[in-house]
Amino acid sequence: MPNDFFRFRQFLVRQSACGMKVGTDGTLLGAWANGGRRILDVGTGTGLIALMMAQRFPEAGVTAIDIDHDACMQAAENVENSVFSSRIVVVERNVVDFSSPSLFDAIVSNPPYYNRSLACSNLQRTVARHCVSLSYRELIAAAWRLLDEEGELSVVIPFDYKNSFDSEAVMAGFFKSRECAVRTNLRKAPRRYLLAYRKHQVCLEKTEGIIEDAPHVRSAWYSSLTKDFYL
């Protein structure tokens with residue numbers, strides 16, 4: 001059973017009220033995504049990625065949104081108990097209906113992804129993991145509307161949903177700017193992708209990362225990426 005909390009170097013994340021707990025995907029995205037002065041975290045859950053972005057970008061104001069009431073309450077608690085509380089605001093809202101007086105320099109999201117598999121019995125976990133409340137198309141359309149012309153959308157996607165997300169992004173007018181294929185270890189094929197998109201074409205940066213050199217032994221790449229967060 002997952003712990004009620006996860007302790008990082010500069011903040012603590014409580015997670016008992018959230019459908020999705022702290023995991024590798026969110027940590028990867030929070031450590032990898034580009035930021036700016038105005039950052040939007042879509043589907044914030046525990047608030048992990050919002051907290052990571054606030055730590056990495058000291059001049060940034062971060063808006064963290066989620067449709068789940070309990071998750072928003074817990075994210076707000078995690079933010080309030082952190083040193084970044086003055087720079088992060090948690091909003092209970094679906095990004096489809098969300099509006100902002102100013103556009104964002106960066107939008108980050110660890111989006112729900114299952115759209116063909118059976119939903120689990122836990123409704124909160126189903127909403128967090130399955131595209132029943134936010135499809136890729138809706139997320140990308142909202143990102144296009146809310147992103148500054150020079151801004152960047154960053155997501156983490158399971159390998160078998162990468163082509164689907166790429167296709168939706170292209171149809172919306174986005175150009176891929178960065179792509180990182182992430183392997184669990186050297187022997188396995190990539191299981192997840194870190195992807196970033198912009199509104200104008202740039203030279204695509206493609207990289208690859210490996211999480212573990214051996215069971216429970218972080219690779220040099222993953223250690224370097226997350227060194228400012230893990231204890």
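Here is a quick tour of the sheet in this structure and the helices that pack around it.

This is a predicted model, where local features need pLDDT of at least 70, side-chain atom pairs count only at pLDDT 80 or more, and totals for chains, interfaces and linings use all residues. Residues are numbered from 1 along each chain as its sequence is written, and side-chain values use heavy atoms, with hydrogens and water left out. The main thing to look for is an open sheet of 8 strands with mixed pairing. Helices and strands here are DSSP runs numbered from the N terminus (helices are H or I with at least four residues, strands are E with at least two).

**The sheet as a whole**

- Going across the sheet, the strand order is E5-E4-E3-E6-E7-E9-E8-E10; two strands count as paired if DSSP finds at least two bridges between them.
- E5 and E10 (205–210) stand at the edges with a single partner strand each, so one side of each has no neighbour in the sheet.
- On average, neighbouring strands are turned by 15° against each other, direction ignored. For angles like this, axes are lines fitted to C-alpha atoms (for helices, over the stretch in contact), and other angles run from 0 to 180 degrees between N-to-C directions.
- As general background, strands of a sheet pair through backbone hydrogen bonds, either parallel or antiparallel.

**Strand E4 and its partners**

- In strand E4 (residues 61–66), 5 of the 6 residues are buried, so the strand is largely enclosed by the rest of the structure. Buried means under 20% relative accessible area, exposed means over 50%, and partly exposed is in between (1.4 Å probe, protein chains only).
- E4 runs parallel to strand E3 (residues 38–42), and 5 bridges join the two; Val62 in E4 is the bridge partner of Ile39.
- To get from E3 to E4, the chain passes through helix H2 (residues 48–56) in a right-handed β-α-β crossover. Right-handed means that, with the strands pointing away from the viewer, the path from the first strand over the helix to the second runs clockwise.
- E4 also pairs in the parallel sense with strand E5 (residues 88–92), again over 5 bridges, and Ala64 has Val90 in E5 as its bridge partner.
- Another right-handed β-α-β unit is made by E4, helix H3 (residues 69–80) and E5.

**Ile88, a residue of E5**

- Ile88 sits in strand E5 and is buried, with a relative accessible area of 8%.
- Ile88 and Val62 are 26 residues apart along the chain, yet their C-alpha atoms are separated by 4.7 Å.
- Leaving aside neighbours within four places in sequence, Ile88 is in contact (heavy atoms within 4.5 Å) with Ala50, Leu51, Ala54, Val62 and Val79.

**Strand E8 and Cys180**

- Strand E8 (175–183) has 8 of its 9 residues buried, so it too is largely enclosed by the rest of the structure.
- E8 pairs with E9 in the antiparallel sense over 7 bridges, whereas E8 and E10 run parallel and are joined by 6 bridges.
- Arg183 has Ile210 in E10 as its bridge partner.
- Cys180 lies in E8, is buried with a relative accessible area of 1%, and has Leu194 in E9 as its bridge partner.
- Beyond its neighbours within four places in sequence, the contacts of Cys180 include Trp32, Tyr193, Thr207 and Trp221.

**How the helices pack**

- Helix H1 (residues 24–32) packs against H2 at an angle of about 25°, with the axes 8 Å apart. That makes H1 and H2 roughly parallel to each other.
- Among the residues making this contact are Gly26 and Leu29 of H1 and Met52 and Met53 of H2.
- Helix H5 (residues 136–146) lies across E3, E6 and E7, running at about 155° to E7.
- Helix H6 (residues 162–172) packs on the sheet and touches E7, E8 and E9.
- The axes of H5 and H6 come within 9 Å and cross at roughly 40°, so the two helices are oblique to each other. By angle, under 35 degrees counts as roughly parallel, over 145 as roughly antiparallel, 65 to 115 as roughly perpendicular and the rest as oblique.
- Residues in the contact between H5 and H6 include Leu139 and Trp144 of H5 and Phe165 and Met171 of H6.
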